[in-house]
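Visitor: I'd like a close look at just one part of this model, a single strand and whatever sits around it. Could you walk me through it?

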Amino acid sequence: MTELSPILKQATPVTVDHGAGCYLYGTDGRRYLDFTAGIGVTSTGHCHPKVVAAAQAQVASLIHGQYTTVLHRPLLELTERLGAVLPEGLDALFFANSGSEAVEAALRLARQATGRPNVVVFHGGFHGRTVAAATMTTSGTRFSAGFSPLMAGVHVAPFPTAYRYGWSEREATAFALRELDYLFATLTSPAETAAFIVEPVLGEGGYVPGNTEFFRGLRERADRHGILLVFDEIQTGFGRTGKFFGHQHFDVRPDVITIAKGLASGFPLSGIAASRELMARAWPGSQGGTYGGNAVACAAAIATLDVIESEGLVANAAARGAQLLGGLRDSATKAIGDVRGLGLLAGAEFTTATGEPDTATAAAAQRAAVDKGLLLLTCGAHMNVVRMIPPLIVTETQIEDALAIWSEVLAEL
């Protein structure tokens, strides 16, 4: 009998029968409040009626039209619709399927457009599991170990993770920018550096937001040296942080953004956005793929954009995110060293009495929450951060319910 790969590790023991809104229902009939959202994917909740209707209608007319062979209406409409929400000047799109593909497409574009071999990524970032994306991932060795050699030309600079360093955010930011300049002096000349690739909020790295001073420092250095600034918005995009894109909190202009996850409410769809002038500097034939821009996924993405706008989900993410972070801080015990996040990206970091990462207690808390009907995940280099990423449709009452369960978990640890 065939089975799933034995190295796939399930975060919960739940087998799902169906989902609706913020809830998943197990085959045993039990209801779970889902604060994983498919790792930030089901932005409009499970099976939003408008997304379901759009996908069903599209399946009946065209399932797949390979978009370097033929064009189709959902692709063209989605491209036009995204123009209303993308950062100013990013008016050309390339679509793919997964976040890793989008990151690799951004890397290829940056190298081809600049003629430079190297990129700088930042400590704690997650960019995917394919070879190039895994090389650029520094949130944990589990994503890159065991299949070396990895890709050359990737250099790592510090991210201003104030809690890890034990400094103020200002001190951590000054350090990170100073070390970036030192990296330029010792490892990769600015003249050989194609791009900075950075998450506005570290995702797998522990839900650590960046800050305006840091990102402005990157922008200034990028402009000075002709380097492209690439924001990986795969987890932070489409309203998740309380603004449409995470970098908008910091008033910094990107040259390229990568998108995926919440774009299509669960259908595989990703992409990169850049200016037409920059995108035209990619080499002919360097962009393509069999399934990118799939018609059903594009139809779901259009419906997702409709729901985000009509239901005010960006504002809801900001309000419910403030409620969630406030509640997590109020309920924090001595087992939790830090609570942080942005919008509906919230993390609680478990540490020992001496400040060391406490992986075991974080895992116990996550499992206990599942037992009580609240689905959560862990992240961070030591997997000692419990993260909460509910759908953008989450209500005030559902946040209260989750916080009540979380308080019970902490009291019982």
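Guide: What follows is a tour of one strand, its partners and the helix beside it, with a glance at the cores afterwards. Keep in mind that this is a predicted model.

Let's start with β17, which covers residues 385-388. Which of its faces are covered? Both are: V385 and R387 lie buried on one side, while V386 and M388 lie buried on the other. That split fits a general pattern, since side chains in a regular strand alternate between the two faces of the sheet. Note that the buried set includes R387 along with V385, V386 and M388.

Now for the partners. Strand β14, residues 346-350, runs antiparallel to β17 and is joined to it by four bridges. If you want a register mark for that pairing, G347 sits opposite R387. Strand β16, residues 377-379, is also antiparallel to β17, with three bridges between them. Here you can use C379, which faces V385 across the pair. β16 and β17 form a hairpin with five residues between the strands, and in this hairpin G380 adopts a positive phi near 100°.

Next, the helix. α12 spans residues 359-371, so to speak a 13-residue run, and stretches 19 Å from first C-alpha to last, close to the 18 Å expected at 1.5 Å a residue. Its buried residues are T361, A362, A365, Q366, A369 and V370. What do they pack against? β17 is one of their contacts, and so are β14 and β16, the two strands we just met; β3 (31-34), β15 (374-375) and α13 (396-412) complete the list. Just past the end of α12, G373 has a positive phi of about 95°.

V370 gives us a way out to the cores. Besides being buried in α12, V370 belongs to a second, separate core of five residues, whose members include V14, Y32 and L375 too. The largest nonpolar core, by contrast, has 118 residues, and F35, F196, L218 and W406 touch the most other members. Helix α10 (residues 295-310) supplies the largest share of that core, with nine residues. To see one of those well-connected residues up close, pick L218: leaving out residues up to four places away in sequence, it touches F122, L177, L180, F196, V198 and L229.

Note on methods
Residues are numbered from 1 along each chain as its sequence is written. This is a predicted model: local features need pLDDT of at least 70, side-chain atom pairs count only at pLDDT 80 or more; totals for chains, interfaces and linings use all residues. Side-chain values use heavy atoms; hydrogens and water are left out. A nonpolar core is a set of buried Ala, Val, Leu, Ile, Met, Phe, Trp, Tyr and Cys residues joined through side-chain atoms within 4.5 Å. Buried means under 20% relative accessible area, exposed over 50%, partly exposed in between (1.4 Å probe, protein chains only). Contact means heavy atoms within 4.5 Å. Two strands pair if DSSP finds at least two bridges between them. The expected span of a helix is 1.5 Å times one less than its number of residues.
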